[in-house]
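Morning, everyone. Please bring up the model on your screens, and I will walk you through a few features.

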2 protein chains.
Amino acid sequence: MITIHDVAKEAQTSIATVSRVINDLGGYSEATKEKVLKAVESLGYESNAIARSLIVNKTHTIGVVFPNISSMLTYEFLNGIENVAYQKGFSVIVSHTYSKPKRMMESLKNLIEKRVDGIIFASDAVEKEQLEYLKKKKTPVVFLSTKADEESFPYVKVDDYQAAFDVATYLVDKGHTKIGMVAGNPLDLISGVPRIKGFVEGLEQADLSIDNSQITYGADYSFENGRVQFGHLMTKNPQLTAVFLASDEMASGALTMAHEMGIQVPEEVSLIGYDNSLLSRITIPALTTLAQPLVGMGEKACDMLVQMVNKEGQVKSFIMDHHIIERKSVKKLI
Amino acid sequence: MITIHDVAKEAQTSIATVSRVINDLGGYSEATKEKVLKAVESLGYESNAIARSLIVNKTHTIGVVFPNISSMLTYEFLNGIENVAYQKGFSVIVSHTYSKPKRMMESLKNLIEKRVDGIIFASDAVEKEQLEYLKKKKTPVVFLSTKADEESFPYVKVDDYQAAFDVATYLVDKGHTKIGMVAGNPLDLISGVPRIKGFVEGLEQADLSIDNSQITYGADYSFENGRVQFGHLMTKNPQLTAVFLASDEMASGALTMAHEMGIQVPEEVSLIGYDNSLLSRITIPALTTLAQPLVGMGEKACDMLVQMVNKEGQVKSFIMDHHIIERKSVKKLI
């Protein structure tokens with residue numbers, strides 16, 4: 001590989017001078033400039049993004065931190081992020097933390113050391129230590145489908161409470177009165193609690209009560225948790241006619257369990273998911289679901305981050321619209 | 001952000017000297033070294049990966065080029081690549097080209113300009129222009145689930161021909177004699193043709209013939225192509241008792257079409273997929289499939305690339321083992 005050293009040697013000048021010429025900074029004679037440019041051309045030296053980034057203090061690279069690569073949401077978010085990054089001339093470094101605080105901290109430090117221009121932190125709770133670190137480093141950060149406890153960092157999210165409230169209303173409008181929920185982790189304050197609260201209060205709004213036995217919980221939003229917890233729920237509550245699952249992956253697990261238990265969906269039990277991930281179009285029956293605009297959320301987060309990197313005015317948190325997509329997993333009772 | 005300029009100012013020395021001290025290159029007095037290190041500590045300056053990379057000519061970053069982010073294979077490969085990269089201290093820049101030659105070339109140029117230490121090129125045919133460019137640049141490249149026409153670059157793949165041959169043998173062993181195939185693109189010399197050829201010759205080996213009407217083709221390996229092409233195949237050949245689909249996404253599309261057409265799987269038609277992607281465990285019935293070790297392939301490709309980057313001996317192309325995973329979509333007839 002041709003380096004700036006080779007160019008300096010060929011042009012019989014210093015590396016600093018070559019760097020000044022390449023970056024058009026002045027402070028050298030026309031003769032020197034010509035010698036350097038001739039050396040650049042004859043050696044086939046390519047502008048070096050790294051060397052340039054040292055001078056303009058920008059790498060045109062953003063880092064994206066995901067908790068878990070095996071979530072179906074990850075690549076829809078990434079799709080949106082990469083679309084915008086590509087249009088704006090940024091590269092994307094991807095890092096997965098498996099929700100382990102140690103690895104999360106390492107990922108952040110690594111991204112900062114690589115001098116990324118900004119970071120999108122997706123889908124996971126942020127620990128205090130990481131927040132403090134990010135604040136100290138002053139690197140622009142946008143939260144995607146999550147948020148920090150405080151308001152120092154902008155985020156892109158749907159309103160989980162309102163979304164779950166709307167799911168409850170939808171099921172009631174379809175004539176269901178015996179309704180259960182397979183929820184996420186009740187310790188997850190960002191997606192777990194608001195979806196439970198919104199759903200329960202949506203039912204209450206329609207004068208329906210839902211007691212504790214009608215809600216089961218998964219440690220995460222996976223297929224396997226959906227499968228197992230739906231089984232528990234239906235064993236305890238065979239009277240249910242509709243169940244809200246806190247993710248499409250869970251709903252897809254529930255479909256498998258329903259099949260194993262000989263329960264027809266939607267004839268005997270209606271299921272509604274959350275996300276509108278690719279999965280929801282692929283299951284049989286296709287899932288009715290609360291749609292988050294996943295690709296759009298990734299795009300928006302990247303847009304906001306690029307604005308912050310380019311210092312184009314104040315960037316504010318953004319609540320994305322949600323809506324229900326009707327497919328074939330919910331039966332109308334009235 | 002604290003820069004090397006600030007450190008030099010604080011230590012009352014030049015940037016070059018600070019750089020030499022930080023990178024332990026010698027050529028300065030003990031007193032100078034102490035002054036610099038003191039400034040580094042008092043300012044909280046963090047080693048700058050970019051500055052260092054200019055000196056050691058390594059960025060500890062690899063680039064990964066995927067054709068399509070919406071393929072289920074992408075993130076299993078990426079999972080494996082990132083596991084190994086993380087262990088070996090490399091960051092991963094991800095780039096998707098949507099199989100467009102222009103974008104592919106831009107991605108490669110961008111990665112080279114960012115001075116990645118090496119590139120993994122996944123799942124897509126490589127054009128001559130891109131090959132020439134990569135050869136000229138001398139950046140280490142590993143092909144993942146694809147290969148170049150020539151042998152300049154090592155690859156990691158399963159033997160598509162043998163895998164498809166084994167699928168044919170498997171279906172014959174289960175007693176099927178009326179067998180069809182939904183194939184990939186017959187112009188795709190890497191995955192398309194060998195799977196067709198292997199399957200046809202596997203059937204011939206068992207004295208079964210398969211005529212052209214028993215094979216349909218998709219432009220790619222997507223759910224939608226599987227759905228539509230399986231429909232065409234079964235309309236033309238209602239006598240078939242088993243169908244091989246060239247990907248799990250296609251097989252999952254076929255399941256949806258079978259459901260629409262009122263064909264029971266596996267009671268009336270057996271389906272077998274290819275890949276063992278996450279999808280194959282999620283469908284109802286779960287898919288019997290030809291398993292590629294997807295995560296392991298990503299790991300292996302990254303291992304090989306790191307070896308090349310670190311110049312640890314000759315790296316050779318590697319054929320991964322395949323096997324058939326039996327789930328619930330194939331019925332035994334005898």
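The second largest cavity encloses about 100 Å³ of space. The model is predicted, so keep that in mind throughout. In total, six cavities of 30 Å³ or more turn up in the structure.

What lines the second largest cavity? From chain A we have S252(A), L255(A), T256(A), I282(A), T283(A) and I284(A). From chain B come S252(B), L255(B), I282(B), T283(B) and I284(B). Two elements give two or more residues each: α11 (248-261) of chain A and α11 (248-261) of chain B. The largest share, three residues, belongs to α11(A). By class, the lining has six nonpolar residues, five polar and no charged.

Next, the sheet. It is open, and 12 strands form it, with mixed pairing. Read the order with me: β11(A)-β5(A)-β4(A)-β3(A)-β1(A)-β2(A)-β2(B)-β1(B)-β3(B)-β4(B)-β5(B)-β11(B). β11 (318-320) of chain A and β11 (318-320) of chain B stand at the edges. Each has a single partner strand, so one side of each lacks a neighbour in the sheet. On average, neighbouring strands are turned by 25° against each other, direction ignored.

Zoom in on chain B. Strands β3 (residues 118-122) and β4 (residues 141-144) of chain B run parallel, joined by four bridges. I119(B) sits opposite V141(B) in β4(B).

Last, two helices of chain A. α1 (residues 4-11) and α2 (residues 15-22) pack at about 100°, axes 9 Å apart. They are therefore roughly perpendicular to each other. I4(A), H5(A), V7(A) and A8(A) of α1(A) meet I15(A), V18(A) and S19(A) of α2(A). That contact has five nonpolar residues, two polar and no charged.

Methods
Residues are numbered from 1 along each chain as its sequence is written. Chains are lettered from A and ligands numbered from 1 in the order in which they are written. This is a predicted model: local features need pLDDT of at least 70, side-chain atom pairs count only at pLDDT 80 or more; totals for chains, interfaces and linings use all residues. Side-chain values use heavy atoms; hydrogens and water are left out. Axes are lines fitted to C-alpha atoms, for helices over the stretch in contact, and angles run from 0 to 180 degrees between N-to-C directions. Angles under 35 degrees count as roughly parallel, over 145 as roughly antiparallel, 65 to 115 as roughly perpendicular and the rest as oblique. Contact means heavy atoms within 4.5 Å. Ala, Val, Leu, Ile, Met, Phe, Trp, Tyr, Cys and Pro count as nonpolar, Asp, Glu, Lys and Arg as charged, and the others, Gly among them, as polar. Two strands pair if DSSP finds at least two bridges between them. On a 1 Å grid over the protein atoms alone, a cavity is a set of points where a 1.4 Å probe fits but cannot get out, and a pocket is an open set with protein on both sides within 12 Å along at least five of seven lines; lining residues have an atom within 4 Å of a point. Grid points are joined across faces, edges and corners, and a volume is the space filled by probe spheres set on the points.
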